[in-house]
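Here's a quick briefing to read with the structure open beside you. It starts with confidence, then goes through the chains, their contacts and the cores.

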Amino acid sequence: MNELDVKTVGVRGINLHLNGLPKNTNEKHWVIKNPMGQHSIAVGLSAPLQVDINGHVGFYCGGMNAHAELTIHGHAGVGTAENMMSGVVWVKGNSSESAGATGNGGLLVIDGDASSRCGISMKGIDIVVGGNVGHMSAFMGQRGNLVICGDAGDALGDSIYEAHLYVKGKVASLGADCIEKEMRSEHISELERLLKAAKRREKPAEFRRYGSARKLYNFSVDHADAY
Amino acid sequence: MEKTPPTLPRKSATFDDYTLSEIRRAASTGIYDIRGGGAKRKLPHFDDLLFLGASISRYPLEGYREKCGTNVVLGTRFAKKPIELKIPITIAGMSFGSLSAQAKEALGRGATIAGTSTTTGDGGMTVEERGHSEILVYQYLPSRYGMNPDDLRRADAIEIVIGQGAKPGGGGMLLGQKISDRVAAMRCLPKGIDQRSACRHPDWTGPDDLEIKINELREITNWEKPIYIKIGGARPYYDVALAVKAGADVVVLDGMQGGTAATQEVFIEHVGQPTLACIRPAVRALQELGMHRKVQLIVSGGIRNGADVAKALALGVDAVSIGTAALVALGDNDPHWESEYNALGTTAGAYDDWHEGKDPAGITTQNPDLAKRLDPVLAGKRLSNYLKVMTLETQTIARANGKSHVHNLEPEDLCALTVEAAAMAQVPLAGTSWIPGKGGY
Amino acid sequence: MCGIVGLYLKNPKLKPKLGKMFKPMIIEMTNRGPDSAGVAIYRNPVKKAETKFSLAHNDGSYDWKKIDVGLEKALRCDCRIKKIGNHCILVTNAKEPAVVAWLKQHHPEVRVVGSGHTIEIFKETGLPANVYDKFNLDEASGTHMIGHTRMATESAVTTAGSHPFATGADLCLVHNGSLSNHNRLRENLRREGIDFQTENDTEVAAAYMTWKLRSGATLKQALEDGLRDLDGFYTFLVGTADGFAVVRDPIACKHAVMAETDDWVAMATEYRAIAHLPGADDAKIWEPEPSMIYTWGGHA
């Protein structure tokens, strides 16, 4: 296990070091100390490293992550794991707005609450939130899965494309073109896989599925209100 | 008895033929008119400015022998690897999706021959464009279609798009006809649907948060690449100042004549200022911050020839960018296809329904039969010829005004033919020393 | 666009450390707001019959004595002054409207930055670190403090355009975001008799609050009405005589975070400003919901 201290090397130093490791390094496990809410910690990683961050992080932690497994032992700021390609980002506390924004792949787990716009424009990422999500979550969600073990705020799935949304708690309101959908066996298996990966105790049967009504896919004047 | 002489039938200037046809179309369909291109109406533009030239007090350079430099370096502020262009003309961002793969390849080829850059658009980076374009600027848009760290690192520069001249405040638009298998895969969308695009970035809003986002992109790319910020012609003075404060290396400013693949006609014609009106405020913002020539300014929107290039440079920009003109050079709206334009209900020079994907020239289409009409090698050569001519024209004008480098052109080399142009360009009305707005009148 | 920070001490033993605790908070917001900085500090309450004014002048060597003497003579009152940087704290038993009117008439170059019983407002162009030093805030003692770092959006970088803006006795406003209908509102408020010094959108929001309060609304009502009448993106932090209030617009794109321990309540645009406070690691941390008004410590 190797340590990096944000106080001594700065965010620049952390990213340079982690991204500069030789391709087949066996120094895979890193601990980052004193994040102090700084931004862009461990961004653009592209190797199967295991990184533990001890404390609260600022914006964009794990941004564009590929292959690495990041664990944030604290809360995370805006845009956690934004545009993630693969790998895992795990937030033990809460995450701020736009968690997993435009993520293409990988798994984002938030043990606590996520704020507004969780999974905005998601493009294949899987997100599992142990608590609640805020308003406009999964806005324009194109692909991927968003699992909400708590409640969802207003306008869930507004303008959604093909992302799958699973909610256990209450939904304050649904966004344009987002409707409740039937839970079939393939959805149950998918949800079971995600809950297991996120180490959650909830059962698939406790969730409802939401997705696109597909009425906005091609413009029709009768749906003009939704635009 | 004599018949009463009739008054002539008179059409209304307010309710002209175009307006009447548009009202009928709206009444019939219930949807706004969508088209491509930039503002078509007449606007104060570079044609309203003239260079003074050489005189008894100012001496020209000999053509060919006495060098007139055209190179420009972009991204000197923070990037480890600034971009060096041979000419002060770049190719603007246009997406694969709005354009065919062949067209993107042709742009790459032509730009590379000329020693300049191309820019990706709202759909991501294609193999063809990266392969054929020696210098490639990668756009970072609200939609983030196709965005990934590998392409970010493969790019030569990153252009964060906040807006574009045709629609400052509008997101991308690509209708189902053009969402082919390949486009759908790149954008992660179902095939054949009408793409609705976000108009704001998903994970930041405002210049204060933009500063943090720019730092993230720099961290991911090891501070190597210049970061551009692209804005439409909204509030150029404040926007440029804020782009500088947020940490930009380069600002790209697109006036209302700047084209788009598709958006609402009202957006194109009624939102965003003309290119000529944007330049002086933008340059002033840079000068007041002590950043002129340190944060470079690229201007686009209706650049058509070397005279436009020279005038923009004289007003203080570092380089210009072309989109519509580049497509025309490739063969867009060519009279060669007139019968097909007629079949589409239009004519060469007016064809702008690019969103329908039926372009006879094979440029703004995803239809493989149409797209194969464009030979990327030949079209690339045409583009490089056109860029060469624009460069020579710029040099001709610069030499005539006594400049050994095109960047030494200045506002005092110009005069204006109209009051509007004089006010916008802040140069005197020809034959007078009057600059409207300066000196209290 | 900007950075805003607020610190309210629940534990009175920490009062002498207020300035010291607050400093790293505002310094962390430097990048978000390199143009100017300002703070409102609540300290040294004056007697009930007295009013404390924060005055400022562009010239650092301005002779404040003549204000002291002039006011005493003109309004037959008692005054005492204390010069801090290019600001001056004036305490007097004259009534607020009379003082403001006299200054406007006889010394229009003096800016009235704030007034009340405990509030003192200091603001200036430049980096927050420099502004803090200029006004000797390191050793400041008090109950609570509001701060702001500014990145000017659509108006000039001037001291007058800096936040906090005073909106009434012991009240001030700082803002992160950008309003979109402030120009029309400014005209309406002018007709209600309110003066403006800048083209700044925040000044309009502050004036709106002033007008609402003058018309008899409570702070909560004023902020609720504001949610309806003010258009744009905003997080407001309002300082009151004994606490502060936070509100975010319904779209809530501008980030805001709150933190609380047994000893203090803090608010900031970014968590890293809060990270320096003692006990921050274990504080309760949450984000204010859009369109909800949060208040601490009671309000005027």
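Chain C has an average pLDDT of 93, and 99% of its residues score at least 70. This is a predicted model, and it comes with an ipTM of 0.95 and a pTM of 0.93.

**Confidence within chain C**
- The low point for confidence in chain C is strand β9 (residues 165–168), with a mean of 88.
- The high point in chain C is helix α1 (residues 18–28), at 97.

**Chain A on its own**
- Chain A has 2 helices and 11 strands, and along the sequence they run β-α-β-β-β-β-β-β-β-β-β-α-β.
- Chain A has a radius of gyration of 18 Å, which agrees with the value near 17 Å for a compact globule of 227 residues.
- Taken along the principal axes, the C-alpha atoms of chain A fill a box of roughly 60 × 35 × 30 Å.
- Of the 227 residues in chain A, 58% are buried.
- Take the contacts in chain A between residues at least 6 apart in sequence: 24% of them join residues at least 24 apart.

**Chain B on its own**
- Chain B comes to 15 helices and 16 strands.
- For 441 residues, a compact globule would have a radius of gyration near 22 Å, and chain B agrees with its 22 Å.
- The C-alpha trace of chain B spans about 75 × 70 × 45 Å along its principal axes.
- Buried residues account for 58% of the 441 residues in chain B.
- Among contacts in chain B with a separation of 6 or more, 67% are between residues 24 or more positions apart.

**Where A meets B**
- This contact brings together 37 residues of chain A and 21 residues of chain B.
- On the chain A side, α1 (6–20) and β7 (123–129) each supply at least two residues.
- By class, the chain A side that touches chain B splits into 16 nonpolar, 16 polar and 5 charged residues.

**Where B meets C**
- Here chain B puts in 9 residues and chain C puts in 13.
- Two helices of chain B, α6 (207–220) and α7 (236–246), each give at least two residues to the side that touches chain C.
- That side of chain B has 3 nonpolar, 2 polar and 4 charged residues.

**The two domains of chain C**
- Chain C is divided into domain 1 (2–42 + 124–296) and domain 2 (46–117).
- How far apart are the C-alpha centres of domain 1 and domain 2 of chain C? They lie 24 Å apart.
- The contact between them takes 11 residues from domain 1 of chain C and 10 residues from domain 2 of chain C.
- The domain 1 side of that contact in chain C divides into 7 nonpolar, 2 polar and 2 charged residues.

**Nonpolar cores**
- As background, nonpolar side chains in soluble globular proteins tend to be buried together.
- The largest nonpolar core here has 280 residues, and those with the most contacts inside it are A:A42, A:V147, B:V251 and C:I274.
- Which helix gives the most to this core? It's helix α9 (residues 275–288) of chain B, with 8 residues.
- Domain 1 and domain 2 of chain C both give residues to this core, so the core lies between them.
- Another core, of 7 residues, lies apart from it; B:M256, B:F267, B:I268 and B:V271 are among its members.

**Two residues to click on**
- Start with A:A42, one of the residues with the most contacts inside the largest core.
- Setting aside neighbours within four places in sequence, A:A42 is in contact with A:I14, A:N15, A:L18, A:I32, A:V51, A:I53, A:C61, A:G62 and A:L70.
- Next is B:V161, which lies in strand β8 (residues 157–161) of chain B.
- Is B:V161 buried or exposed? B:V161 is buried, because 24 other C-beta atoms lie within 10 Å and the cut-off for buried is 20 or more.
- B:V161 is in contact with B:Q139, B:Y140, B:L141 and B:K230, again leaving aside neighbours within four places in sequence.
- From B:V161 to B:L141 is 20 residues in sequence, and 5.1 Å in space from C-alpha to C-alpha.

Terms used. Residues are numbered from 1 along each chain as its sequence is written. Chains are lettered from A and ligands numbered from 1 in the order in which they are written. This is a predicted model: local features need pLDDT of at least 70, side-chain atom pairs count only at pLDDT 80 or more; totals for chains, interfaces and linings use all residues. Two residues are in contact if their C-beta atoms, placed from the backbone, lie within 7 Å. Helices (H or I, at least four residues) and strands (E, at least two) are DSSP runs, numbered from the N terminus. Ala, Val, Leu, Ile, Met, Phe, Trp, Tyr, Cys and Pro count as nonpolar, Asp, Glu, Lys and Arg as charged, and the others, Gly among them, as polar. The radius of gyration is taken over C-alpha atoms; the globule rule is 2.2 Å times the number of residues to the power 0.38. A residue is buried if 20 or more other C-beta atoms lie within 10 Å of its own, exposed if 12 or fewer, and partly exposed in between; C-beta atoms are placed from the backbone. A nonpolar core is a set of buried Ala, Val, Leu, Ile, Met, Phe, Trp, Tyr and Cys residues joined through C-beta atoms within 7 Å. Domain bounds come from an automatic or database domain assignment. pLDDT is the predictor's confidence in each residue, from 0 to 100.
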